[in-house]
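Colleague: Could you take a close look at one sheet in this model and set it in the context of the whole chain? A connected account would suit me better than a list.

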Amino acid sequence: RIYVTGSADGKHPGNPGEVKNRKRSFVIEVDLVGEVVRECVAGGTLYTTSGGYALAPDGEGGVVAVGWACDDTCVQVGEIQWFAGDGALEPYARQEETGEDGPAFAVDVAYNPAGYNVVASTVSMGEKSSLGLRVTGRRPDDSDLVLDYVFDTGSIELGQAVAVGPSGYVWFAGARWFDSAMHALVGRDHG
C-alpha cells in the first residue's frame with residue numbers, strides 16, 4: 001500500500017460564492033499503478049483550512065498522519081490523525097498539538113517499536129511567542145504522552161524531522177536561531 005498526504009485547494013463550504021480557496025488536508029491510498037483506492041479529505045465541518053505534512057505506520061496495519069489545521073478565526077493547531085488499516089479510510093483517533101500561546105505545526109512523525117508514534121512539532125511558546133521544538137509520543141486512542149520533550153530557550157527553534165532507530169532511539173532535528181544566524185539542532189533520547 002502507498003499512502004500520500006498533503007493539502008489541496010477547495011472552496012469554502014460555508015460560503016460557496018467566496019472566491020478565495022481554502023487549503024484542505026487529505027490522505028489517499030494509491031495502488032502500485034497510481035490509481036486512488038481510498039481517500040479522506042478534510043471537509044468544511046472538520047477544518048476549513050488544513051494541510052498534511054507526514055505519514056508513518058502505526059504498527060497495527062494503519063497509518064498516522066500529521067499536519068496543521070485552523071478554524072475560521074485561524075486558531076491553529078498541529079493535527080495528528082490515526083487511520084485504521086481496514087475498511088474506509090477514516091480517522092479512528094484524532095489528537096491535537098497546541099502551543100502555550102499560539103500556533104503549532106506537527107511536521108513529522110515516526111513509529112517507535114515500543115508501540116507509539118513520535119511526533120515533532122513547532123509550537124509557539126512564552127510571552128515573546130518564540131518558536132519551540134516539541135517532540136511527543138502517543139499511542140492511538142490514548143491522549144497520555146509517553147514521551148514529551150519541549151525546547152524553548154527564548155530563541156527561535158524549528159522542529160523539522162524525527163526518526164526512530166532499530167533499537168528504539170528517538171532522533172530529532174531542526175534549526176535554532178543564534179546571533180542572527182540559523183544553526184542545526186540535533187538531539188537523541190534513549191527511548
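Modeller: Among the contacts in the chain with a separation of 6 or more, 41% are between residues 24 or more positions apart. This is a predicted model, and its chain of 191 residues has 46% of them buried. The area that the chain exposes comes to about 9500 Å², of which carbon and sulfur atoms supply 53%. As to secondary structure, the chain has 14 strands and 0 helices, so that reading along the sequence gives β-β-β-β-β-β-β-β-β-β-β-β-β-β.

Turning to the sheet you asked about, 4 strands make up an open sheet, arranged in the order 4-5-6-7 with antiparallel pairing. Because strand 4, residues 49-57, and strand 7, residues 91-97, each have a single partner strand, they stand at the edges, and one side of each is left without a neighbour in the sheet. From one strand to the next, the twist averages 25 degrees.

In general, the strands of a sheet pair through backbone hydrogen bonds, and this pairing can be either parallel or antiparallel. Within the sheet described here, strand 5, which covers residues 63-70, and strand 6, which covers residues 76-83, run antiparallel and are joined by 8 bridges. One of the residues concerned is cysteine 70, whose bridge partner in strand 6 is glutamine 76. Cysteine 70 is thus placed by its number at the end of the range 63-70 given for strand 5, and glutamine 76 at the start of the range 76-83 given for strand 6.

Note on methods
Residues are numbered from 1 along each chain as its sequence is written. This is a predicted model: local features need pLDDT of at least 70, side-chain atom pairs count only at pLDDT 80 or more; totals for chains, interfaces and linings use all residues. Side-chain values use heavy atoms; hydrogens and water are left out. Two strands pair if DSSP finds at least two bridges between them. Helices (H or I, at least four residues) and strands (E, at least two) are DSSP runs, numbered from the N terminus. Axes are lines fitted to C-alpha atoms, for helices over the stretch in contact, and angles run from 0 to 180 degrees between N-to-C directions. Buried means under 20% relative accessible area, exposed over 50%, partly exposed in between (1.4 Å probe, protein chains only). Contact means heavy atoms within 4.5 Å. Accessible areas come from the Shrake-Rupley method with a 1.4 Å probe; for residues, only the protein chains shown count as cover.
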